[in-house]
Amino acid sequence: QPPLFTMKPATVADNIAGVVERFAGQYLTTKDYLRAALRQPSLFTRAPATIAANIAGVVERFAYQGLTTNAYLRAALKRSNLLTQAPDTIAANIARVVERFAAQGLTTEDYLQAALKQPTLFSMKPATITRHVELILALYDDGIFTLPRRRGCSTQTAEHPHPHAPFLGFLLRNPVLMSLEEKNIHLRKYYKELTGAEPSSKNLTRPRHEVE
């Protein structure tokens with residue numbers, strides 16, 4: 001971030017302190033924000049009002065679905081580029097994925113909870129996530145893996161009549177799977193073909209190095 005070479009130290013310090021002060025009620029510490037800024041150096045140059053507006057804008061759009069400032073801030077600190085992205089972009093990313101799988105029972109509330117667990121989902125392009133879900137669904141339909149048995153289910157997708165609703169519920173409980181590289185997803189099929197392994201959820205959830 002070359003502008004840092006010419007910015008006054010006091011300005012950089014004020015940018016950091018200003019954000020921490022605005023979110024002191026959410027227990028944001030200087031150490032937490034500095035860590036995020038080291039991963040996303042443009043945060044050192046951004047005005048506190050801009051960062052605050054980015055966070056508030058997303059929370060306001062999804063407050064009705066239960067999103068809180070504290071929850072989104074914690075997710076954004078893990079994926080610090082979220083702090084610099086416009087609320088409209090984040091909102092569109094969420095809405096388009098939900099629209100694509102609404103017929104299978106996906107709701108905004110459920111998807112938001114998954115994104116809070118896997119913050120990359122807030123910033124990934126909807127087309128990419130959709131492609132990943134469809135690739136994993138193809139593995140499911142081909143019998144590469146099966147869903148684990150569960151006693152009861154809190155997600156709305158579990159009660160939806162669409163046959164793929166339980167599959168979506170499984171992904172929502174394991175959101176990291178939606179962010180896997182496509183080569184990683186395809187690898188699961190090759191593993192099943194080469195080893196003759198019985199269908200199991202582990203064929204999808206075990207770490208890549210174990211599959212290889």
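# Exercises on an all-helical predicted model

The protein chain holds 12 helices and zero strands. The model is a predicted one.

## Exercise 1. The chain as a whole

Describe the pattern, extent and burial of the protein chain.

*Solution.*
1. Along the sequence, the pattern reads α-α-α-α-α-α-α-α-α-α-α-α.
2. Along the principal axes, the C-alpha atoms occupy a box of roughly 65 × 40 × 30 Å.
3. The chain has 212 residues, of which 45% count as buried.
4. If one takes the contacts between residues at least 6 apart in sequence, 67% of them join residues at least 24 apart.

## Exercise 2. Helix 3 and its surroundings

Determine the span of helix 3, identify its buried residues and state what covers them.

*Solution.*
1. Helix 3 comprises 15 residues; from its first C-alpha to its last it reaches 22 Å, close to the 21 Å expected at 1.5 Å a residue.
2. The buried residues of helix 3 are Pro-48, Ile-51, Ala-52, Asn-54, Ile-55, Gly-57, Val-58, Val-59 and Phe-62.
3. Their cover includes helix 1 (9-22), helix 2 (30-39), helix 4 (69-78), helix 5 and helix 6 (108-117).

## Exercise 3. The packing of helix 3 with helix 5

Characterise the packing of helix 3 and helix 5 by geometry and by the residues that meet.

*Solution.*
1. Two packed helices are described by the angle between their axes and by the distance between those axes.
2. For helix 3 (residues 48-62) and helix 5 (residues 87-101), the angle is about 35° and the axes lie 8 Å apart.
3. The crossing of helix 3 with helix 5 is right-handed.
4. Helix 3 contributes Ala-53, Asn-54, Gly-57, Val-58, Arg-61 and Phe-62, which meet Pro-87, Asp-88, Ile-90, Ala-91 and Ile-94 of helix 5.
5. Sorted by class, this contact has seven nonpolar, two polar and two charged residues.
6. Asn-54, Gly-57, Val-58 and Phe-62, listed in step 4, are also among the buried residues of helix 3.

## Exercise 4. The nonpolar core, Phe-122 and Ser-123

Which residues of the largest nonpolar core touch the most other members, and what do Phe-122 and Ser-123 touch?

*Solution.*
1. The largest nonpolar core has 57 residues; those touching the most other members are Tyr-33, Tyr-72, Leu-83, Tyr-111 and Phe-122.
2. With residues up to four places away in sequence not counted, Phe-122 touches Tyr-72, Ala-75, Leu-82, Ile-90, Asn-93, Ile-94, Leu-112, Ala-115 and Leu-116.
3. Ser-123 lies in helix 7 (residues 120-123).
4. Ser-123 counts as buried because its relative accessibility is 17%, and buried means under 20%.
5. With residues up to four places away in sequence not counted, Ser-123 touches Arg-79, Asn-81, Leu-82, Gln-85 and Asn-93.
6. From C-alpha to C-alpha, Ser-123 and Ala-92 are 9.8 Å apart in space, while 31 residues apart in sequence.

## Exercise 5. Two tyrosines

Is Tyr-27 buried or exposed, and where is Tyr-140 placed?

*Solution.*
1. Tyr-27 lies in the loop between helix 1 and helix 2.
2. Its relative accessible area is 66%, so Tyr-27 is exposed.
3. Phi of Tyr-27 is near 65°, a positive value in a residue other than glycine.
4. Tyr-140 belongs to helix 8 (residues 126-141).
5. Tyr-140 is partly exposed, since its relative accessible area is 22%.
6. Apart from neighbours within four places in sequence, Tyr-140 is in contact with Phe-145, Leu-147, His-164 and Phe-167.

Note on methods:
Residues numbered from 1 in each chain as written. Predicted model: local features only at pLDDT ≥ 70, side-chain atom pairs only at ≥ 80, totals over all residues. Heavy atoms only, no water. Axes fitted to C-alpha atoms, helices over the stretch in contact; angles between N-to-C directions. Helix = DSSP H or I, 4+ residues; strand = E, 2+ residues; numbered from the N terminus. Left-handed = near helix turned anticlockwise from the far one by under 90°. Contact = heavy atoms within 4.5 Å. Nonpolar A, V, L, I, M, F, W, Y, C, P; charged D, E, K, R; others polar. Expected span 1.5 Å × (residues − 1). Buried < 20%, exposed > 50% of the residue type's maximum accessible area, 1.4 Å probe, protein only. Core = buried A, V, L, I, M, F, W, Y, C linked by side-chain atoms within 4.5 Å.
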